[in-house]
Amino acid sequence: MIDLVKKQAPITGEQIAENLGISRPTIRSDLSVLVMLGYIDAKPKVGYFLGKVMTSEGRQSEKFMNLKVKDVMNRPVVIAESSTVNDAVISLFVENTGFLTVTDEQGALTGMVSLKDLLKVTLGNPNATTIPISMVMTRVPRLVFVSPDDSVLEAAKKMLDHQVGGMPVVNSNGDRSRLEVVGRITKTNLAQALVDLTSGFIAE
């Protein structure tokens, strides 16, 4: 039905039924559902035409709403809780990232450290490089994170609400006290997703 509307709009219900070789009453409920979902729209005495969901703008909006964190996230950049500030500084620059995820010996998330955190502790402190990263990081109870199946929109809202440039992506596996780090998502990822959507790089 949508293909018919796309090719022949405006088209009446009778014409759609005739093209499909069935009676008009048979497709009445189907047409109502498609109108309700926004795939097609209707004007009295004119007929059916494509709805907002099927327009270019609507499709992009729908894709963005359905986009998951796992579709846009990067691999995590992880540092051990036993590492020093010097180790963290080196990792930040080598990996060209704005934050590091900190894990314990079992690989569970314990915190996060950002470039800003490291600048605060190193400026004017010649002994800062030997400080354990556990003394500088933001610990899990105060940490903002997302799961791979969270929507990109939800991730964006969290970043704005908490004024952060990125977050760890974690799996809880049913245990909120032990979070497995599986990725990271940043404002750059969100911007890239929007560019890809508007450029048509994300598949239908």
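Which side chain meets that of Arg75 in a salt bridge? In this predicted model, the partner of Arg75 is Glu95, with an N to O distance of 2.6 Å. The two residues belong to distant parts of the chain, since Arg75 is placed in the loop between α5 and β3 (78-80) whereas Glu95 belongs to helix α6 (residues 85-95), and 20 residues separate them. Glu95 has a relative accessibility of 31% and therefore counts as partly exposed.

The salt bridge of Arg75 and Glu95 is one of five in the count. Another joins the side chains of Lys70 and Asp149, at 2.8 Å from N to O. Because Lys70 lies in helix α5 and Asp149 in the loop between β6 (138-139) and α8, this pair ties together parts that are 79 residues apart in sequence. Lys70, at 45% relative accessibility, counts as partly exposed, and Asp149, at 48%, also counts as partly exposed. A further salt bridge is formed by Glu14 and Arg24, whose closest N and O atoms are 3.9 Å apart. Here the link runs from helix α2 (residues 13-20), which holds Glu14, to helix α3 (residues 24-37), which holds Arg24, with the two positions 10 residues apart in sequence numbering. Arg24 is partly exposed, because its relative accessibility is 22% and the range for buried residues ends under 20%.

Turning to the strands, an open sheet of four strands is arranged in the order β3-β4-β5-β6, and its pairing is mixed. Strands β3 and β6 form the edges, each of them pairing on one side only. At the β6 edge, strand β5 (residues 109-114) and β6 pair in the antiparallel sense over two bridges, and Met112 has Thr138 in β6 as its bridge partner. Two helices are placed against this sheet. Helix α6, which also carries Glu95, lies across β3, β4 (99-103) and β5, and runs at about 130 degrees to β4. Helix α7 (residues 115-122) packs on the sheet through β5 and β6, and its direction makes about 70 degrees with that of β5.

Elsewhere in the chain, strand β1 (residues 40-43) and strand β2 (residues 47-50) run antiparallel and are joined by four bridges. Ile40 has Leu50 in β2 as its bridge partner. Three residues stand between the strands of this hairpin, in which Lys45 takes a positive phi near 65 degrees.

Among the buried nonpolar residues, the largest core comprises 16 residues, and within this core Val146, Met167 and Ile185 have the most contacts. Two or more residues are contributed by each of α5 (69-72), α8 (152-162), β7 (166-171) and α9 (187-199), with α8 giving the largest share, four residues. Helix α5 thus appears both in this core and in the salt bridge pair formed through Lys70. When neighbours within four places in sequence are left aside, Met167 is in contact with Phe99, Val144, Phe145, Val146, Ala155, Lys158, Met159, Arg184 and Ile185. The contacts of Met167 therefore include Val146 and Ile185, which are named with Met167 for having the most contacts inside the core. Apart from this core lies another, of 13 residues, including Val77, Val102, Val113 and Leu118.

Terms used:
Residues numbered from 1 in each chain as written. Predicted model: local features only at pLDDT ≥ 70, side-chain atom pairs only at ≥ 80, totals over all residues. Heavy atoms only, no water. Core = buried A, V, L, I, M, F, W, Y, C linked by side-chain atoms within 4.5 Å. Buried < 20%, exposed > 50% of the residue type's maximum accessible area, 1.4 Å probe, protein only. Contact = heavy atoms within 4.5 Å. Salt bridge = Lys/Arg side-chain N within 4 Å of Asp/Glu carboxyl O. Pairing = 2+ DSSP bridges. Axes fitted to C-alpha atoms, helices over the stretch in contact; angles between N-to-C directions.
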